Amino acid sequence: MKLDTKKYKLTLMTEDVCPDCIELKKKLGSFSIPFTNKSISANNGVVSNTEFDKEKSANRWEFIDLSREFPHKIKYSPVIVVENIEGEKNVFSLEGEGGFKNTDGALEIIKEYCI
């Protein structure tokens, strides 16, 4: 299985401690499927601005915007975003409309974008 990187870009939106997120990232790695991971974990327990992770904060806002754009498609993490060369996005999430039930189901979706 090899992602058609000439046509598609794969992004995962994951939570740091989510078992399904961790498993999906490992499975994609085992198939050598390139993806960009964007952690959307909240910065719980942050006590000062020096500990605040700005990248995660930006990813979380991107996730919120995506949730508003595709309200029925996003339910739980992980979230798969497949963007084609025209910039059109297909979004899939755990238990979301048209999404997947487990990481094997997520791989089946990703296979559609592979050569």
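**View 1. E62 and K38 form a salt bridge between a helix and a strand.** In this predicted model, the closest N and O atoms of E62 and K38 are 2.9 Å apart. E62 belongs to helix α2, residues 54–69. K38 belongs to strand β2. The pair therefore ties together parts that are 24 residues apart in sequence. E62 is partly exposed, with 33% relative accessibility.

**View 2. K111 pairs with E108 inside helix α3.** The closest N and O atoms of this salt bridge are 3.1 Å apart. Three residues separate the partners in sequence, about one turn of the helix. K111 is partly exposed, at 41% relative accessible area. E108 is also partly exposed, at 46%.

**View 3. K7 and D4 form a salt bridge.** Their closest N and O atoms lie 4.0 Å apart. The partners differ in exposure: K7 is partly exposed, with a relative accessible area of 46%, whereas D4 is buried, with 11%. Side chains of opposite charge can pair when their charged atoms come close.

**View 4. Salt bridges link E23, K27 and D104 in a network.** Three residues take part: E23, K27 and D104. Across the protein, the count of salt bridges comes to seven.

**View 5. Four strands build an open sheet.** The strand order is β2-β1-β3-β4. Pairing in this sheet is mixed. β2 and β4 are the edge strands, each pairing on one side only. From one strand to the next, the twist averages 20 degrees. β1 and β3 are antiparallel and pair over six bridges. L10 stands opposite V82 of β3. Helix α1 lies across β1, β2, β3 and β4. Relative to β1, α1 runs at about 150 degrees.

**View 6. The largest nonpolar core has 17 residues.** Those with the most contacts inside this core are L10, L24, L28, I80, F92, F100 and I110. Five elements give two or more residues each: β1 (8–14), α1 (19–30), β3 (76–84), β4 (89–94) and α3 (103–111). α3 gives the most, with four residues. A second, separate core has nine residues, among them I40, L66, F70 and V91.

**View 7. F92 has contacts beyond its neighbours in sequence.** Neighbours within four places are left aside here. The remaining contacts of F92 include P78, V79, I80 and V82. F92 also contacts G98, G99 and F100. K73, I109 and Y113 are further partners of F92. F92 is one of the residues with the most contacts inside the largest nonpolar core.

**View 8. A cis peptide bond joins S77 and P78.** Omega is about 5 degrees at this bond. P78 sits in strand β3. P78 is also among the residues in contact with F92.

**View 9. S32 and E95 have positive phi values.** Neither residue is glycine. Phi of S32 is near 55 degrees. S32 lies in the loop between α1 and β2, the strand of residues 36–39. S32 is exposed, with 62% relative accessible area. Phi of E95 is near 70 degrees. The place of E95 is in the loop between β4 and α3. E95 is partly exposed, at 36% relative accessibility.

**View 10. The whole chain places these close-ups in context.** The protein has three helices and four strands. Along the sequence, they follow the pattern β-α-β-α-β-β-α. Of the 115 residues, 37% count as buried. Among contacts with a separation of 6 or more, 51% come from residues 24 or more positions apart. The protein exposes about 7,000 Å². Carbon and sulfur atoms supply 49% of that area.

Methods
Residues numbered from 1 in each chain as written. Predicted model: local features only at pLDDT ≥ 70, side-chain atom pairs only at ≥ 80, totals over all residues. Heavy atoms only, no water. Core = buried A, V, L, I, M, F, W, Y, C linked by side-chain atoms within 4.5 Å. Buried < 20%, exposed > 50% of the residue type's maximum accessible area, 1.4 Å probe, protein only. Contact = heavy atoms within 4.5 Å. Areas by Shrake-Rupley, 256 points an atom, 1.4 Å probe, with all protein chains shown as cover. Salt bridge = Lys/Arg side-chain N within 4 Å of Asp/Glu carboxyl O. Pairing = 2+ DSSP bridges. Axes fitted to C-alpha atoms, helices over the stretch in contact; angles between N-to-C directions.
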